[in-house]
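Subject: Model for your review

Hello,

Please find the model below. My notes on it follow.

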Number of protein chains: 2
Amino acid sequence: MKSAKISEAVVRRLPIYLQVLNELHIREIQTVSSQELGVKLDLNPAQIRKDLAYFGEFGRKGIGYDVLYLIEKIRQILKLNQTIKVALVGAGNLGRALCNYNKYSKDNMQITAVFDVHPEKIGTDINNLVVQPMSELEKVVAEQKIRIGIITVPAHEAQNVANQFITVGVEGILNFAPAILRVPDEVRIHNADFTRELLSLAYYLNHEGDVSDDSAVD
Amino acid sequence: MKSAKISEAVVRRLPIYLQVLNELHIREIQTVSSQELGVKLDLNPAQIRKDLAYFGEFGRKGIGYDVLYLIEKIRQILKLNQTIKVALVGAGNLGRALCNYNKYSKDNMQITAVFDVHPEKIGTDINNLVVQPMSELEKVVAEQKIRIGIITVPAHEAQNVANQFITVGVEGILNFAPAILRVPDEVRIHNADFTRELLSLAYYLNHEGDVSDDSAVD
DNA sequence: TAGATTGTTAATCGATTAACAATC
DNA sequence: TAGATTGTTAATCGATTAACAATC
């Protein structure tokens, strides 16, 4: 199956579908149409149907999609029907926030190890995980079969941490640092740098703001 | 000028350009070509030139782009040549992390007020800001001319907070909660929900993982 | 049966890339 | 002048949307 290359745009919509479907499930709604999903998500129903059809025939003509069944299918597509272990480097505020987040998530993604480069952080406790030194990274990743690395260190340390993740054989990296990281093709990197979202948001503000235009250049 | 509607894809690349340019500036590099930027960012040079050309003629034929000048121009485009004030609701770990982040940023975006719905958080201190009750939101937003709202509350409270932001006239919202929020057309909403990035990252992992395939449905 | 809705093909739309004249 | 690189037009590519037969 899964023959044709699926576009990134499609893959990025799957977690969104999953989110709405989970909400529907909680509200005990059993069936949903692409039409209804489209309204909720501001997406074209044809697009939703097409996205899902890349992976199989999940719906029933004249009826729609069974919510629980579709949840299960999307989870399978995203490989969430197994527990995926995650290591986090950078035990600062953000790292702590993510670890906490973790325990509420039932998505079978689990942060199971936390590391930091700074000696004073080593040994401290975060959400029942003890912060370990980077020297332990290789051993722990191998032992726990960790497949994803999260980077929550300052920008200037990010590439260095990424390199270490790559060396120890992590398959995917989620980077929170506001830096452009170089990784080999076989490692997938996603950026969760919120400053990008914040800056692009600024573009869409109305123009009224008191622009004091202090541009030195011309 | 700025006549044609600029596509979202273009706007989302601007902060990335800004990031590389800032790095180049720190390294005291004065001029850069679209070719060089392309290599750094894994983007087609023609695309970079085209993106920038939507906003003006910033480069010099045969030479390239002056780094400092281009930084200034992109900052103008993103409206960062003014201080944009931001309010944050949700004084949890993530909220605290963002406030801290804040002080290092020189992007003229500033979190100037923090709120929380829970009484026990009110009055506590976050990075020199006192957490205020939601009842103060309207007054503070008006007084400080706050234009962007950040949501760092749990998913089930997010829509409620968004509604309050909308009521008090915020122009843009950055949502960190893993929830789909409904906002009117005139309010811009960007999502910084990292679970989406994490789940789509899982899709790209290699297949090897021990899939115990415990799917109950068929 | 009539109404609803899927899966899918074809049409449209938009974004990326190639190519090149202009020019530093 | 020769080499480099922009800004921009035209060509290509890919993603979204419309339309509809199949079918519940």
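**DNA strand C**

A side-chain N or O atom of Tyr65(A) is 2.6 Å from a phosphate oxygen of DNA strand C. Bear in mind that this is a predicted model, and the distances quoted here are computed from it.

Ser34(A) makes a similar kind of approach: an N or O atom in the side chain of Ser34(A) is 2.6 Å from a phosphate oxygen of DNA strand C. Arg49(A) goes to a base instead, with a polar side-chain atom 2.8 Å from a base oxygen of DNA strand C.

These three residues are among the nearest of the 23 around DNA strand C, a group that also includes Gly59(A) and, from the other chain, Gln47(B). On the DNA side, 63% of the atoms of strand C that come within 4 Å of the protein belong to sugar and phosphate.

Both chains contribute to this surface. Chain A supplies at least two residues from each of α3, β2 (59–60) and β3 (64–66), and α3 of chain B also supplies at least two. The most comes from α3(B), which gives four residues. Sorted by class, the surface near DNA strand C holds 10 charged, nine polar and four nonpolar residues.

**DNA strand D**

Around DNA strand D there are 23 residues, and the closest are Ser34(B), Arg49(B), Gly59(B) and Tyr65(B), along with Gln47(A). Of the atoms of DNA strand D within 4 Å of the protein, sugar and phosphate make up 63%.

Three polar contacts are worth listing:

- Arg49(B): an N or O atom of the side chain is 2.9 Å from a base oxygen of DNA strand D.
- Phe58(B): a backbone N or O atom is 3.0 Å from a phosphate oxygen of DNA strand D.
- Lys61(A): a polar backbone atom is 3.0 Å from a sugar or linking oxygen of DNA strand D.

The elements that give two or more residues to this surface are α3 (45–53) of chain A and, in chain B, α3 (45–53), β2 (59–60) and β3 (64–66). Here α3(A) has the largest share, with four residues. The surface near DNA strand D consists of 10 charged, nine polar and four nonpolar residues.

**Helix packing within chain A**

In chain A, helix α1 (residues 8–26) packs on helix α4 (residues 67–77) with the axes 9 Å apart and an angle of about 150 degrees. Angles over 145 degrees count as roughly antiparallel, so α1(A) is roughly antiparallel to α4(A). Their crossing is left-handed.

From α1(A), the contact is made by Leu14(A), Tyr17(A), Leu18(A), Leu21(A), Asn22(A), Leu24(A) and His25(A). The partners in α4(A) are Val67(A), Leu68(A), Leu70(A), Ile71(A), Ile74(A), Arg75(A) and Ile77(A). By class, the contact of α1(A) with α4(A) has 11 nonpolar residues, two polar and one charged.

**Helix packing between the chains**

Helix α1(A) also packs against helix α8 (residues 194–203) of chain B, at an angle of about 120 degrees and with the axes 8 Å apart. The two helices, α1(A) and α8(B), are therefore oblique to each other, and their crossing is right-handed.

On the α1(A) side the contact involves Val11(A), Arg12(A), Pro15(A), Ile16(A), Leu18(A) and Gln19(A). On the α8(B) side it involves Thr195(B), Arg196(B), Glu197(B), Leu199(B), Ser200(B) and Tyr203(B). The contact of α1(A) with α8(B) divides into six nonpolar, three polar and three charged residues.

There is also a contact between helix α8 (residues 194–203) of chain A and helix α1 (residues 8–26) of chain B, whose axes come within 8 Å and cross at roughly 120 degrees. It follows that α8(A) and α1(B) are oblique to each other. The crossing of α8(A) past α1(B) is right-handed.

The residues of α8(A) that meet α1(B) are Thr195(A), Arg196(A), Glu197(A), Leu199(A), Ser200(A) and Tyr203(A). Those of α1(B) are Val11(B), Arg12(B), Pro15(B), Ile16(B), Leu18(B) and Gln19(B). In the contact of α8(A) with α1(B), six residues are nonpolar, three polar and three charged.

Regards

Key: Residues numbered from 1 in each chain as written. Chains lettered and ligands numbered in written order. Predicted model: local features only at pLDDT ≥ 70, side-chain atom pairs only at ≥ 80, totals over all residues. Heavy atoms only, no water. Near = heavy atom within 4 Å. Polar contact = N/O pair within 3.5 Å; in protein donor to acceptor, adjacent residues only side chain to side chain. Nonpolar A, V, L, I, M, F, W, Y, C, P; charged D, E, K, R; others polar. Axes fitted to C-alpha atoms, helices over the stretch in contact; angles between N-to-C directions. Parallel < 35°, antiparallel > 145°, perpendicular 65-115°, else oblique. Left-handed = near helix turned anticlockwise from the far one by under 90°. Contact = heavy atoms within 4.5 Å.
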